[in-house]
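I opened the notebook with the model on screen. These entries record what I looked up, topic by topic.

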Amino acid sequence: MQNVTLNNGVKMPVLGFGVYQIPDHAQCRRAVADALEVGYRLIDTAAAYFNEEAVGAAIRESGIPREELFLTTKLWIQDQGYEQARRAFQASLDRLGTDYLDLYLIHQPFGDYYGSWRAMEELYEAGKIRAIGVCNFYPDRLADLCLNVRVTPAVNQVETHPFFQQRKARATMEEFGVQIESWGPLAEGAVFQNEMLKAMAERYGRTAAQLVLRWNIQRNVVVIPKSVRRERMEENFSVFDFTISDADMEAIAALDLGRSRIIDHFSADTAKWLNGHRIHD
């Protein structure tokens, strides 16, 4: 497995397995078990996905030593703030059945995320988390955070795919030494409908999914595709034995729309909707 090195020296697999929208315990448990058997070692979950317990069970049952895995979960808006974040972190550890995390992320840039960050810095310095980071922090919020904290975020997980390449956000990440990680690397299936990507993939003897995952990896972007089908997991994992040419990399880059096809984080309605989403009483 190819790794990236985070700004604190921790190595992170460049390809992982995401479990968003797999809330069913048995299905998620089976999917993570399959992913681990295929070879994935980075598993990405979140408190708001309602499947941390299933992820933890699959990891324990796999027999894979904990130190060989890279486990990520996330803090939801409802639990933002210093004291709340500390409690939420421990609750996630308990559900996952582990005594540390490899990466803990603030899920959304809303609420008292500065209070949360102070708690996360302390947990990081105490050795409970190997790296701390954020999700969905666009350039202004990421720059402001980086300029006002002790520990610079190691990772920013944002929507990243050929139709939304995050050029401005990535420039800010590179300025502050923050690793970009892609959620939705297949644009929620939109890549399968693009004729250029399908034709290009065929030339390489690959699928559109493999082409797009490889494209991001060649751009040093960490990717976490999701599937509940083992054959798709195997397909998505088989992206290290070919290279996309510079000309084709540029052709894919030309697909950038400069905006999300999935969610508008700059909308007041989005902020209200996310702040209103409760994951516990």
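Which residues is Phe17 in contact with, leaving aside its neighbours within four places in sequence? I looked this up in what is a predicted model. Phe17 is in contact with Ala31, Val32, Ala35, Tyr40, Leu42, Ile43 and Asp44. The list goes on with Ile224, Pro225, Lys226, Ser227 and Met233.

**Entry: cores**

I then looked at the largest nonpolar core, which has 87 residues. Phe17 is among the members that touch the most others, along with Leu6, Met12, Val32 and Val55. I also found a second, separate core of eight residues. Ala47, Ala48, Trp76 and Ile279 are among its members.

**Entry: aromatic rings**

Phe17 came up again here. It forms one aromatic cluster with Tyr40 and Phe237. I counted eight aromatic pairs in the model.

I took one of them, Tyr113 with Phe137, for a closer look. A pair of aromatic rings is described by the distance of the centres and the angle of the planes. Here the centres are 5.0 Å apart and the planes stand at 75°, so I noted the pair as edge-to-face. The cut-off for that label is an angle over 60 degrees. The two residues are 24 apart in sequence, and the pair links distant parts of the chain. Tyr113 belongs to helix α4 (residues 113-125). Phe137 is in the loop between β7 (132-135) and α5 (139-147).

Are these two rings' residues buried or exposed? Buried means under 20% relative accessible area. Tyr113 has 9%, so I put it down as buried. Phe137 has 0% and is therefore buried too.

I also checked charges over rings. Arg219 lies over the face of Trp215, 4.2 Å from the ring centre. Arg261 has its charged end over the ring of Phe163, at 4.6 Å from the centre.

**Entry: the sheet**

What is the strand order in the open sheet? I read it as β3-β4-β5-β6-β7-β8-β9-β10, eight strands with parallel pairing. β3 (17-18) and β10 (222-223) stand at the edges. Each has a single partner strand, so one side of each has no neighbour in the sheet.

I went through strand β5 (residues 70-75) in detail. Six of its six residues are buried. It pairs in the parallel sense with β4 (residues 42-44) over three bridges. In this pairing I found Asp44 opposite Thr72 of β5. Between β4 and β5 the chain passes through helix α2 (residues 52-62), and this β-α-β crossover is right-handed.

β5 also pairs with β6 (residues 103-106), in the parallel sense and over four bridges. Leu75 stands opposite Ile106 of β6. Helix α3 (residues 82-96) joins these two strands in a β-α-β unit, which is right-handed.

Further along the sheet I checked β8 (residues 155-159) against β9 (residues 179-183). They pair in the parallel sense over five bridges. Gln157 stands opposite Glu181 in β9.

**Entry: a proline in a helix**

Where is Pro139 found? I located it in helix α5. Its relative accessibility is 26%, so I listed it as partly exposed. Leaving aside neighbours within four places in sequence, Pro139 is in contact with Lys168, Ala169 and Thr172. I also took its distance to Ile262: 19 Å, C-alpha to C-alpha, for residues 123 apart in sequence.

Technical notes: Residues numbered from 1 in each chain as written. Predicted model: local features only at pLDDT ≥ 70, side-chain atom pairs only at ≥ 80, totals over all residues. Heavy atoms only, no water. Core = buried A, V, L, I, M, F, W, Y, C linked by side-chain atoms within 4.5 Å. Buried < 20%, exposed > 50% of the residue type's maximum accessible area, 1.4 Å probe, protein only. Contact = heavy atoms within 4.5 Å. Phe/Tyr/Trp six-rings, centres within 6.5 Å; stacked < 30°, edge-to-face > 60°. Lys NZ or Arg CZ within 6 Å of the ring centre and 35° of its normal. Pairing = 2+ DSSP bridges. Right-handed = clockwise from strand over helix to strand, strands pointing away.
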